[in-house]
Structure formats: structure tokens, C-alpha cells
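Hi everyone, thanks for making time. I'd like to walk you through a structure that may be new to you, so have a look at it first.

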Amino acid sequence: MATRLTPQETGARLDRLAWSPMHTTILIALGAGWLFDSFEVQMFSNAIGPLGTYFHATVFEQDAVLAVWLGGILFGALLGGRLADRFGRRRLFLWTLLWYAGFTVLTGLSPDLTAVYGLRFLAALGVGAEYAIVNAAIAEFIPARVRGKANAIVMNFWPAGAIAAGLLAFLVLDTFAIAAATSWRYLFIFGGALALLVLLFRRRIPESPRWLVSQGRTVEAQQVLRSFEASCGGSAPLPLHQNLDIDQLRAPNQLGALRELLTCYRWRLVLGATLDLSEAFGYYGIFALLSVVVLHQVHISDRSMPLFYILGNLGGLIGGLIMAQAFDRVGHLLMVAITYLLAAVGVILLALATSSRDAHLVTAAFIVANAAGTAAWTSAYPTFTELFPTHLRAAGVGTSVAIGRCGAIIGTLYLPVLAVEIGTTASYSLVVGFWLLGFLGIVAYSLLGGIEPSRRSLEEVVNQVSGSTFKKGDHEPSEL
């Protein structure tokens with residue numbers, strides 16, 4: 001006969017598990033989704049030129065394709081977060097990947113620019129949903145002692161996907177000598193087809209026991225836990241966390257989720273939105289500024305751009321992995337503060353290199369700036385993901401990401417225009433300002449008593465209470 005399973009017991013059993021092949025499978029399967037999302041974004045950067053040529057698109061019409069894409073991510077993050085909290089992690093991260101792959105392949109078959117806009121928006125809905133679902137799932141499966149490091153490693157599948165996209169673009173444009181005007185079709189079709197391979201890994205991932213318990217489905221949660229424990233060779237002899245009597249809370253509707261987030265976890269939501277807005281403006285804005293303005297100014301040709309981005313993303317991968325190794329040891333809040341500050345410094349170096357008009361200096365500075373920027377955002381996502389309760393985790397991440405995409409849209413459309421009208425220094429200064437906004441946000445959260453999530457169970461992080469500004473009134477009394 002099944003016994004009542006509490007959220008704290010579920011978390012303690014998951015946190016006591018020794019690392020196993022199942023953990024590795026989860027890490028690879030969820031990380032591969034990020035890899036192909038990144039593959040898609042970077043592939044678009046390489047395809048937009050040939051696509052514009054094929055359809056005789058103006059510069060604004062080409063920029064609008066990216067704006068539509070980012071708008072789709074915005075709505076996908078909001079919708080995907082809500083659906084993942086309502087219907088579960090597993091079902092959503094299977095369907096969103098299938099959705100994204102299908103519409104990406106169809107993009108390669110687009111008959112006109114209008115179809116490209118529509119299909120890009122639909123594909124982006126799947127990518128936006130991935131942001132919320134993958135972050136929630138990886139946080140809920142991985143033991144607390146290595147959760148930060150594992151989550152950061154998953155985030156670093158992003159630069160790996162960007163490198164793969166650059167290599168594919170180089171092969172399509174150079175090695176295979178496919179006509180430039182039609183190369184974009186092959187990039188989208190091949191990229192979408194490859195993403196389907198991830199489904200083979202994701203089908204092996206069970207539903208999150210933490211989510212099952214939050215929905216009152218304790219029998220299913222017990223089955224998943226027992227299977228998980230058997231695959232790990234039993235539980236490691238680690239002490240249970242303190243008992244925190246938490247009621248089971250079903251996922252509310254979209255407005256209810258937002259209302260609860262603003263009422264009970266408002267400062268955590270403010271932190272997540274600030275960090276995501278800061279990094280999205282800086283990350284996407286820099287890539288748009290480089291592609292549209294800077295690389296042409298320093299005489300890096302369209303054919304050389306894939307190599308430029310491969311080198312830059314190698315820097316990003318190295319920076320992100322270095323951060324991941326130190327993430328849990330240094331502490332999540334401190335690491336986010338350090339990396340956001342370094343990201344601002346990296347953009348300053350890139351601005352100085354651009355003013356020299358030297359292509360080699362710009363390449364070297366981009367490698368450094370991308371290393372710091374990747375370390376920053378890959379530390380931010382795990383940090384604010386861990387601050388939300390299970391029944392609102394995907395919604396909290398999705399809302400933060402949606403606000404961040406607003407920054408990405410503004411940065412992508414505005415920074416190149418500002419650079420042309422006033423100069424690149426003004427655009428770089430604005431990017432530095434946004435990175436510093438994130439830095440100030442995490443510093444304020446820390447100084448006013450924000451919770452450090454590193455090496456703590458999710459249940460302890462969510463329910464820790466004290467008299468500080470950021471914790472007082474952060475939860476409804478019924479949840480304690």
C-alpha cells in the first residue's frame with residue numbers, strides 16, 4: 001500500500017542519490033535540446049544573408065525575421081512555462097522539441113518571405129518553451145550537492161551548438177559548394193532533421209517526481225523514485241534535510257500563476273527578470289551589432305563569418321565550462337555577480353578593439369567577451385530557476401525569459417541602427433550598461449538577504465524564511 005509522500009521526502013531521496021548513468025542520460029538529453037536551440041539561432045545568422053538575397057529582402061525585412069523569432073520565444077516561454085507546470089515536464093519537453101524540429105524543416109521549404117515569418121514564429125514557440133521546461137527539469141532531478149554544476153553544464157550545450165552550426169555553415173558554403181542563394185534551405189532542413197535525434201534520448205527520461213508530488217500523484221512519484229534509486233544502486237548515506245511541512249499545491253492557471261509569483265515570490269521574479277533582461281540585451285545585441293555593422297567595418301567577409309563565430313563560441317564554451325567547475329564552490333550569487341561584471345569588461349575590450357579597425361583584435365576581443373558573457377548567463381539561469389517552488393518553477397522561469405526577450409528584441413533592432421547613426425561606441429556603452437544592470441540586481445538581492453541556493457535542497461531554498469527584506473512576506477502563510 002502506498003504511503004503519503006511529502007515534497008521534502010521526495011527532495012531528500014533525490015538529493016541522496018549517487019551519480020548514475022541515468023543522471024548522465026538526463027543531462028545529455030536535456031542539454032542536447034539547448035544544443036539544437038543554439039544551433040538554430042546560429043544557423044539563422046549564417047542563413048539570413050543568402051535568404052535575403054533569394055527573396056530580394058531589404059535590411060529591415062531581414063532584421064524583422066529575427067524580431068519575429070524573438071517574439072515567438074517570448075510567447076513560447078510564457079505558454080511553455082504554464083503548460084509544463086500544468087501537464088508535466090516530460091510531456092512538454094518531448095512535444096516542444098518535435099514542434100520546433102517540424103517547423104524548422106518547413107522553414108527550409110518556404111515559398112516566400114511571408115511563409116518564413118510565420119514558420120519562424122511557430123518554431124520559436126517551441127524554443128521559448130524549452131527555456132522554461134529544461135531549466136525546471138534539470139533542477140528537479142539533480143542532487144543538490146552538484147545541481148548548480150550540472151545545470152551550468154547543460155547551459156553550456158548552447159555554445160557547443162553554435163560551434164556545430166558554424167561548422168555546418170562552413171561545409172555548406174565552402175566544402176560542398178552549394179549555391180549561396182539556396183544554401184539557407186539546406187541549413188534549415190538539415191538542422192531540423194538533426195534535432196529529431198534528441199527525441200531518442202528524451203524518451204528515456206521519466207517525469208519529475210517533485211512535479212508529480214506537487215500535483216498529488218504520489219503513487220506515480222513513488223514508482224519513479226524507486227526505479228531511479230534502483231538504477232543508482234540505492235541511496236547514498238547522506239543525512240535527510242530538515243523537515244519542512246509543505247502542502248501540495250496544484251499549478252494555477254496563467255493569471256493565477258503570475259498573481260502568485262508577484263504576491264509570494266515577487267523579489268525572486270524581479271531578480272530573474274532583471275538577470276534575463278540584462279543578458280538577453282547584451283548577448284543578442286552584440287551578435288546583431290557585429291553581424292550588421294562591425295564585421296563589415298573591419299573587413300571580415302561573409303565567407304569568413306562562420307570561422308569568426310566558431311572562434312567566438314569556442315571562447316564562450318571555455319568560459320562557461322570554467323564557470324561551471326567553480327559554480328557550487330564559489331556560490332551562485334557571488335558567481336553571477338562576478339561574471340556579469342566580467343561580461344561588462346569584455347564588451348569594453350570589444351569596443352576598444354573595434355575602434356582600432358583591426359580584424360584580429362576584434363576576433364580576440366570577441367572570444368574574451370563571449371567567454372565572459374556565456375559564463376554570466378549560464379550562471380544566471382540555474383540561480384533564478386532554483387528560487388521558485390515546483391508548482392510555479394517553469395512559470396517563473398518562463399516569465400523571466402519572456403521579459404528578457406523584450407530586451408533581446410530591442411537590442412537586436414536598436415543597437416545596429418544606433419551604431420550607424422551615432423557610432424559603435426554608443427551601442428557598446430548601452431550593452432555595458434545592461435550588463436551592469438544585472439550586476440547591480442544580484443548585488444542588491446544578496447545585500448538585502450537574498451537566499452543562496454548553492455548545495456541546498458530545492459525545498460529548503462523555496463521555504464527558507466527570515467526577517468530580511470527579500471524574504472519577509474515572500475511566501476503565503478498557508479505554504480509554511
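Before anything else, a word on burial: a residue counts as buried when its relative accessible area is under 20%, as exposed when it is over 50%, and as partly exposed in between. Keep in mind, too, that this is a predicted model.

Now let's use that on two cysteines. C264 has a relative accessible area of 2%, so C264 is buried, being under the 20% cut-off. C406 comes out at 37%, so we call C406 partly exposed. And how many disulfides does a search of the whole structure find? Zero.

Okay, on to the nonpolar cores. The largest one has 132 residues, and the members that touch the most other members are W34, Y131, Y284, L290 and Y428. Which helix gives the most to this core? That's α5, with 15 residues. There's also a second, separate core of seven residues, with A324, A326, M335 and A375 among them.

Last stop, the second largest pocket. The space in there is about 200 Å³. Three helices each supply at least two residues of its lining: α3 (59-87), α4 (89-107) and α5 (113-141). If you want to find the pocket on your screen, look for lining residues including G76, L83, W95, W99, L125 and A129. What is that lining like in character? Seven of the residues are nonpolar, four are polar, and none are charged.

So α5 turns up twice in this talk: α5 gives the most to the largest core, and α5 helps line the second largest pocket. That's my tour, thanks for listening.

Terms used. Residues numbered from 1 in each chain as written. Predicted model: local features only at pLDDT ≥ 70, side-chain atom pairs only at ≥ 80, totals over all residues. Heavy atoms only, no water. Disulfide = S-S within 2.5 Å. Buried < 20%, exposed > 50% of the residue type's maximum accessible area, 1.4 Å probe, protein only. 1 Å grid on protein atoms, 1.4 Å probe; cavity = no way out; pocket = protein on both sides within 12 Å on 5 of 7 lines; lining within 4 Å. Points joined across faces, edges and corners; volume = space filled by probe spheres on them. Helix = DSSP H or I, 4+ residues; strand = E, 2+ residues; numbered from the N terminus. Nonpolar A, V, L, I, M, F, W, Y, C, P; charged D, E, K, R; others polar. Core = buried A, V, L, I, M, F, W, Y, C linked by side-chain atoms within 4.5 Å.
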